[in-house]
Amino acid sequence: MELRTGVSKQDIREQIWDYMESRNLADFPWPVHHRIPNFKGSYLACQNIRDLEVFARTREVKVDPDKPLEGIRLLALQSKKTLLVPTPRLRMGLFNKITPPPGATKDVLRKCATSQGVRNYSTPVGLDSRVLVDLVVVGSVAVSEKGWRIGKGEGYADLEYAMMVSMGAVGPETPVVTIVHDCQVIDIPEALLEDHDLTVDYILTPTRVIATGCERPKPTGILWSKISWEVMGKIPVLQSLRHREKQAGKDVTLRDEPRRLLGASSQQPAHLSAVRGPRDPPLPEPCPAQGEDGPTGTVCVGNLPRDARVSELKRALRELGAVPQRLTWQGPRGRALLHYQAPASAQQAVSRLQGLRLGAATLTVALARRQRASDLPGGRVQEPQPDCRPAVADL
């Protein structure tokens, strides 16, 4: 397939989509436009990954949730590799680990590899989880034999990779593979590439395995200057990463954020870098995990440093867009309770606060457990109550 001269990325996408539709090369879901195309022969292309040595030695693989990559997800599960799949549009975190039920048959594994299986057989992976991805598999709309890639235009694959770099899950040597139809392998003008664009090392089609030998550097982290406030508002985990990098002294100025509003944000705030005394602080009490009595509207934040102040936590909650209706401070016990209007709001707060740090401490964040009826007079079920009467701070 030959491209017109002077094309943009969107021109290339439209030409690929039009070409695949006109020649009946696309499979469900339709229409093919504005998607990573699911093409006829995608399962055959996926089988070619078994010829790659990098797949054979892989223990942990991240595969995008696109339909044409379903065969890769199935092979990873059948090979008993750890399979990570990004959450749709990153709304509830970065990615989930797919965990098939014990003794899963091939039919069950097939279900686990589908989008429905990703929802039903997965558990969230937090920012502080010790994840080391050996192989990244992404979908593409177009790709060149030099390893230059064009996605569907929303930038999620590029952003996911940059976020994995920021959390230490991938490095410069982590191979990236894409699965496409032969017609999607085209020449892409180098002038179209940007610093945040992810390149690929291997291209698998129904007829070929292409080692690109790409030397163009992959993204080395999140380019905050490319991200808008609107995008930040849609991706809670991105807010958590920004808060973390801001505390580390990095420039996290957004695309539409004037630098003067940040003041000295490139330096670590003094109130978050307090020097500890010669004695180790007492171990904080853990937060109760969510119990069998169902979700609550309360979030427990634990592992608070001994010298933490409620004002520091309130400031962090505002920055991450997770302000509760009421905050119960239990500083001496190393924790605080955040009370939200509804369980859904509490669950969203848990996602936004993953990886939250105060000073050198990474806080634990979890939905609080309802007390069981058997533990309470009269068999009532209620939200967790502190052991002593705490100070209540309104935000």
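## Overall architecture

The secondary structure of this protein, as it appears in a predicted model, comes to 11 helices and 17 strands. Of the 395 residues in the protein, 51% are buried. Among contacts with a separation of 6 or more, 67% are made by residues that lie 24 or more positions apart.

## Helix H7 and its packing against H9

Helix H7, which spans residues 156-166, is mostly covered, with 10 of its 11 residues buried. The buried residues of H7 are Tyr156, Ala157, Asp158, Leu159, Glu160, Tyr161, Ala162, Met163, Met164 and Val165. Just after H7, Gly168 takes a positive phi of about 80 degrees.

Two packed helices are described by the angle between their axes and the distance between the axes. For H7 and helix H9 (residues 236-247), the angle is about 40 degrees and the axes are 11 Å apart. H7 is therefore oblique to H9, and the crossing of H7 and H9 is left-handed. On the H7 side the contact is made by Leu159, Met163 and Ser166, while H9 contributes Val237, Leu238, Leu241 and Glu245. The residues of this contact between H7 and H9 divide into five nonpolar, one polar and one charged. Two of the H7 contact residues, Leu159 and Met163, are also listed among the buried residues of that helix.

An α-helix has 3.6 residues a turn, so residues three or four places apart point the same way. The numbering of the contact residues in H7, namely Leu159, Met163 and Ser166, can be read with that periodicity in mind.

## Salt bridges in exposed and buried settings

A search of the whole structure finds 12 salt bridges, and three pairs among them can be described together with the accessibility of their partners. The side chains of Glu53 and Arg57 meet in a salt bridge with an N to O distance of 3.4 Å, and both Glu53 and Arg57 are exposed. Lys67 forms a salt bridge with Glu70, in which the closest N and O atoms are 2.9 Å apart. In this pair Lys67 counts as partly exposed because its relative accessibility is 35%, whereas Glu70 counts as buried because its relative accessibility is 8%.

Arg149 forms a salt bridge with Asp158, the closest N and O atoms being 3.6 Å apart, and here Arg149 is buried and so is Asp158. Asp158 is also one of the buried residues of H7. Elsewhere, salt bridges that share partners join Lys9, Glu194, Asp197 and Lys226 into one network.

## Backbone features in the loops

Most residues other than glycine have a negative phi, and most peptide bonds are trans. Against that background, the loop between helix H1 (9-22) and helix H2 (42-47), which holds Pro29, deserves a closer description. The peptide bond from Phe28 to Pro29 is cis, with omega near 10 degrees. A cis peptide bond also joins Trp30 and Pro31, with omega about -5 degrees, and Pro31 likewise lies in the loop between H1 and H2.

His34 is found in the loop between H1 and H2 as well, and has a positive phi of about 65 degrees although His34 is not a glycine. His34 counts as exposed because its relative accessibility is 55%. A positive phi, of about 60 degrees, is also found at Lys80, which is not a glycine either. Lys80 lies in the loop between helix H4 (70-78) and strand S2 (82-86), and is exposed, with a relative accessible area of 76%.

## The surroundings of Leu75

Leu75 has its place in helix H4 and counts as buried because its relative accessibility is 6%. Leaving aside its neighbours within four places in sequence, Leu75 is in contact with Cys46, Gln47, Ile49, Arg50 and Phe55. One of these partners, Phe55, stands 20 residues from Leu75 along the chain, and the C-alpha atoms of Leu75 and Phe55 are separated by 10.0 Å.

Note on methods: Residues numbered from 1 in each chain as written. Predicted model: local features only at pLDDT ≥ 70, side-chain atom pairs only at ≥ 80, totals over all residues. Heavy atoms only, no water. Axes fitted to C-alpha atoms, helices over the stretch in contact; angles between N-to-C directions. Helix = DSSP H or I, 4+ residues; strand = E, 2+ residues; numbered from the N terminus. Parallel < 35°, antiparallel > 145°, perpendicular 65-115°, else oblique. Left-handed = near helix turned anticlockwise from the far one by under 90°. Contact = heavy atoms within 4.5 Å. Nonpolar A, V, L, I, M, F, W, Y, C, P; charged D, E, K, R; others polar. Salt bridge = Lys/Arg side-chain N within 4 Å of Asp/Glu carboxyl O. Buried < 20%, exposed > 50% of the residue type's maximum accessible area, 1.4 Å probe, protein only.
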